[in-house]
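Trainee: Please take me through the interior of this protein. I would like a close look at its main nonpolar core.

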Amino acid sequence: MNKIIVLAGEDDSLRIDKFLADKTEFSREYIKKIIEGSGISVNGKSVKRSYVVKGGDRISIIVPEIVDMTLKPLEMDLKVLFEDSDLLVIDKNAGMVVHPGTGDSHRDDSLVNAILHHCGSELSGIGGVKRPGIVHRLDKDTSGLIVVAKNDKAHESLSSQFKDRTVSKIYLALVLGKLEHGNGKIIAPIARDRHDRKKMAVTAEGHGKEAVSKYEVVKQYDDFALLKIKILSGRTHQIRVHLSAIGHPVAGDNVYGNVKTNKKLEKACGLNRQFLHASEIEFQHPNGKRKIKLKSDLPEDLEKVLACLDSEGFSL
């Protein structure tokens, strides 16, 4: 256990959880946990989270030891586009899972394992556990940009930005068919599929969670279209479910798409996964001093598919 002493100034009249979140490396949520565990006292007396700090208060924080994750660090090829003491942004390869599985699906070759090897000594603990803070997800076979927090406060800031929809996320997707309009917006709630709990589905209004996706046609091919998509919400499989619902499923998607067409495209152009890439992201750095804006080019396997559609004039 570590002990931290914080002295309040004359003008510090804030709730103790907010005061300590401002003065320490810990998030307000983690401060709350320490208070609930009787780990914080003021002038030698235990206090509740509602306590308002007064000038001259001597605040003692007993911080529990950070617990290591029971996961193996694993050296893997990581393409890091940005990194500092608070966070890193990784350009994830297709085929890499973000979180290790559990039970029969347990695996030690996830993005979390790779990050533990890459910067495990720099992780200061999130919620009392020494782990990377994954604030959003990408499907195993979706490539592109993913943001990871290194500490508790950065994790709280980034999670709040995703929750408040202030993070700009843009994807590139190749979809089946010709789109009537050059751009559009899909507004349709999403929930678990009633017939297959492993899948998601568009539901009737009033059911499921609100989901909004905007798209723009970048290039129209004979039987496919390359789209730029901005999601205004972050639901599981949102882009894949929305595009399938309007009759333009993502090429290579065998869950929500056309398996027969996918086989033809794989044979002709070598596409062996869903054509979906997280290409751009913009968010406020947790320290609040600047915006982070990053871009990832289409990986080689997807560029080859587009070149194939151009050169071969592939059509169904």
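Mentor: Here is the core, followed by the cavity.

This is a predicted model, where local features need pLDDT of at least 70, side-chain atom pairs count only at pLDDT 80 or more, and totals for chains, interfaces and linings use all residues. Residues are numbered from 1 along each chain as its sequence is written, and side-chain values use heavy atoms, with hydrogens and water left out.

The largest nonpolar core has 32 residues. Such a core is a set of buried Ala, Val, Leu, Ile, Met, Phe, Trp, Tyr and Cys residues joined through side-chain atoms within 4.5 Å; buried means under 20% relative accessible area, with a 1.4 Å probe and protein chains only. Ile90, Leu111, Ile115, Tyr171, Leu227, Ile229 and Leu243 have the most contacts inside this core. Elements giving two or more residues to this core include strand 7 (87–92), helix 3 (111–119) and helix 5 (238–245). Helices (H or I, at least four residues) and strands (E, at least two) are DSSP runs, numbered from the N terminus. Helix 3 gives the most, 6 residues.

Now take Leu243. Leaving aside residues up to four places away in sequence, Leu243 touches Val175, Ile186, Leu227, Ile229, His248, Pro249 and Val250. Contact here means heavy atoms within 4.5 Å. Apart from the largest core lies another, of 18 residues, among them Tyr30, Ile34, Ile35 and Val53.

Tyr171 also helps line the largest cavity, as do His136, Lys169 and Glu280, among others. On a 1 Å grid over the protein atoms alone, a cavity is a set of points where a 1.4 Å probe fits but cannot get out, and lining residues have an atom within 4 Å of a point. Strand 17 supplies the largest share of that lining, 4 residues.

Technical notes:
1 Å grid on protein atoms, 1.4 Å probe; cavity = no way out; pocket = protein on both sides within 12 Å on 5 of 7 lines; lining within 4 Å. Buried < 20%, exposed > 50% of the residue type's maximum accessible area, 1.4 Å probe, protein only.
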